[in-house]
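Reader: I'm new to looking at protein folds, and I'd love a close look at one part of this one. Could you walk me through a sheet and the helices that go with it?

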Number of protein chains: 2
Amino acid sequence: MQVRSGLLRNQGQKIVFVPTMGDLHEGHLSLMRKGREQGDCLVVSIFVNPTQFAPGEDLDTYPRNLDRDLDLSKKEGVDIVFAPSENDLYPEGFQTYIELEKLPKHLCGISRPTFFRGVATVVTKLFNIVRPHVAIFGQKDYQQLTVIRRLVRDLNLAVEIVGGPIVREPDGLAMSSRNKYLTSGQRAYALSLYQSLVKAQALLKSGTREASKIIGNVSGLFLSQPETTIDYIAVCDPETLDDMEVIDRPALMALAVKVGSTRLIDNMILSP
Amino acid sequence: MQVRSGLLRNQGQKIVFVPTMGDLHEGHLSLMRKGREQGDCLVVSIFVNPTQFAPGEDLDTYPRNLDRDLDLSKKEGVDIVFAPSENDLYPEGFQTYIELEKLPKHLCGISRPTFFRGVATVVTKLFNIVRPHVAIFGQKDYQQLTVIRRLVRDLNLAVEIVGGPIVREPDGLAMSSRNKYLTSGQRAYALSLYQSLVKAQALLKSGTREASKIIGNVSGLFLSQPETTIDYIAVCDPETLDDMEVIDRPALMALAVKVGSTRLIDNMILSP
């Protein structure tokens, strides 16, 4: 792949890259369509990255559908699918990781302390192999997008990072490979993530600017609901992810909620 | 620099890179001469990297001689000298570091636990900016060379790493910018580093293969000497840096010794 990228670059082709963990859904496909517009050669990677899963998380059960993913990629006009094996990316003796000091200490990084180390490491590796001019990441994983923008600047990687909007089911649930873990009852409960974001935006528009009041109010949606545990609900600066107390400028509202044993995330930029 | 490297690459030029902390001496110049042979465009960086110094180490007093370095580089036919400012490489908000899990837990990494994090980070950044085909590092910093070879493999960097032999003063002292910290008395004591390596090789050749015996024997050279403290003397696998008990194949002998307040290092591959 690295050699092929070098040849493409020498031919003057603009390489656009969409990294995924496979089990492609409409969210991924929207990133591919966005990617199609941005360059000449569209590369998609499919790799369930073990270093971003902690022991006890769902690495073994994470959905894998390579044949279906290849069909979908072909339909979207993907030029190259890069699907390395675990041993390709982490051969014996592997020991080098990318660590960020601050951004992973917020939001999902609190309950998943090694997650962003794994993400930052595999994305850097994939960038060095695929050598893209542009890479596209979904805004559903907002903190991931923030981490990647930061590491690209910090490590002087010559890649332009583009975010793609969250794609939702008709009722508002953010698309995720993990949605298929949900029972039909849990699927209904899961809707509260999106509803809480919509409610928060409405509260802000009607004049409630204190983050604590908004968070307190929307927490109520989950507390009364069976099988549901809040991991976090936060209102923070969209770049540093530092908590905001008063929403006097655009703020990221992000939340992680467990429904049954499935951990779901969602987010929205709230504008006063 | 990054744009210039891209243009040079597009023109088919082979870029060779020698990263330094400046205060160039014959050791650096030998790496430049080696570099000259390996490609078309020779780039030297001069940057005293703050992230590889711990508080209390000699960041502030480390010798800096940019004008002299530029003259010497010119004489060696260097095409580009890259001398970024601290703010160029570590702007406000910088927070991304490269960490290796195992190699820094040996030798110099024990008394300098954040040193290789700083080295790995700055070298990765410099590689991404200079975009060399080949990079040359001195074997005097043997552990550094090992760390860099490993991170290049682990992060899929497309750079060939070449080691250059240690350059010594006529009496055997390995060249180092830190030698100028030594008083004339200390300069004489410092010679024991090289003498201990020569003695170790002689002991091995005469049949002593147990690392502990060799280390015990050469330690005597330092224990009787004023102003001299051993940080470590180790015999280890040249790739993993794991301790070796019996020298039944080529082994790295490495040592760090403080003479006065100056910490000096040296090493040699011992062959049975």
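Author: Happy to! Keep in mind that this is a predicted model. Let's start with helix H7 of chain B, residues 142-154, which lies across strands E5 and E6 of chain B. The helix runs at about 170° to E6(B).

Now look at the sheet beneath our discussion. E5(B) and E6(B) belong to an open sheet of five strands in chain B, in the order E3-E2-E1-E5-E6, and the pairing is parallel. Strands of a sheet pair through backbone hydrogen bonds, and they can do so in a parallel or an antiparallel way. Which strands stand at the edges? They are E3(B), residues 80-82, and E6(B), residues 160-164. Each of these two has a single partner strand, so one side of each is left without a neighbour in the sheet. On average, neighbouring strands of this sheet are turned by 25° against each other, direction ignored.

Let's zoom in on the pair we began with. Strand E5(B) covers residues 134-138, and five bridges join E5(B) to E6(B) in the parallel sense. If you want a spot to find on your screen, try Ile136(B), which stands opposite Val162(B) in E6(B).

A further helix belongs in this picture. Helix H6 of chain B, residues 115-130, lies across four strands of chain B: E1 (15-20), E2 (41-46), E3 and E5. H6(B) runs at about 145° to E1(B). Strand E5(B) therefore has H6(B) lying across it, and H7(B) as well.

Further along chain B, you can see two helices packed against each other. H8(B), residues 184-205, and H9(B), residues 211-223, meet at an angle of about 150°, with their axes 9 Å apart. That angle makes H8(B) roughly antiparallel to H9(B). Their crossing is right-handed. On the side of H8(B), the contact includes Ser192(B), Lys199(B) and Leu203(B), while H9(B) contributes residues including Ile214(B), Val218(B) and Phe222(B). What kinds of residue make up this contact? They divide into seven nonpolar, four polar and one charged.

To set beside the parallel sheet, here is an antiparallel one. Chain A has an open sheet of three strands in the order E7-E8-E9, with antiparallel pairing. Neighbouring strands there are turned by 10° against each other on average, direction ignored. Eight bridges join E7(A) to E8(A), residues 251-259, and Ile233(A) stands opposite Leu255(A) in E8(A). Helix H10 of chain A, residues 211-223, lies across E7(A) and E8(A), at about 160° to E7(A).

Note on methods:
Residues numbered from 1 in each chain as written. Chains lettered and ligands numbered in written order. Predicted model: local features only at pLDDT ≥ 70, side-chain atom pairs only at ≥ 80, totals over all residues. Pairing = 2+ DSSP bridges. Axes fitted to C-alpha atoms, helices over the stretch in contact; angles between N-to-C directions. Contact = placed C-beta atoms within 7 Å. Parallel < 35°, antiparallel > 145°, perpendicular 65-115°, else oblique. Left-handed = near helix turned anticlockwise from the far one by under 90°. Nonpolar A, V, L, I, M, F, W, Y, C, P; charged D, E, K, R; others polar.
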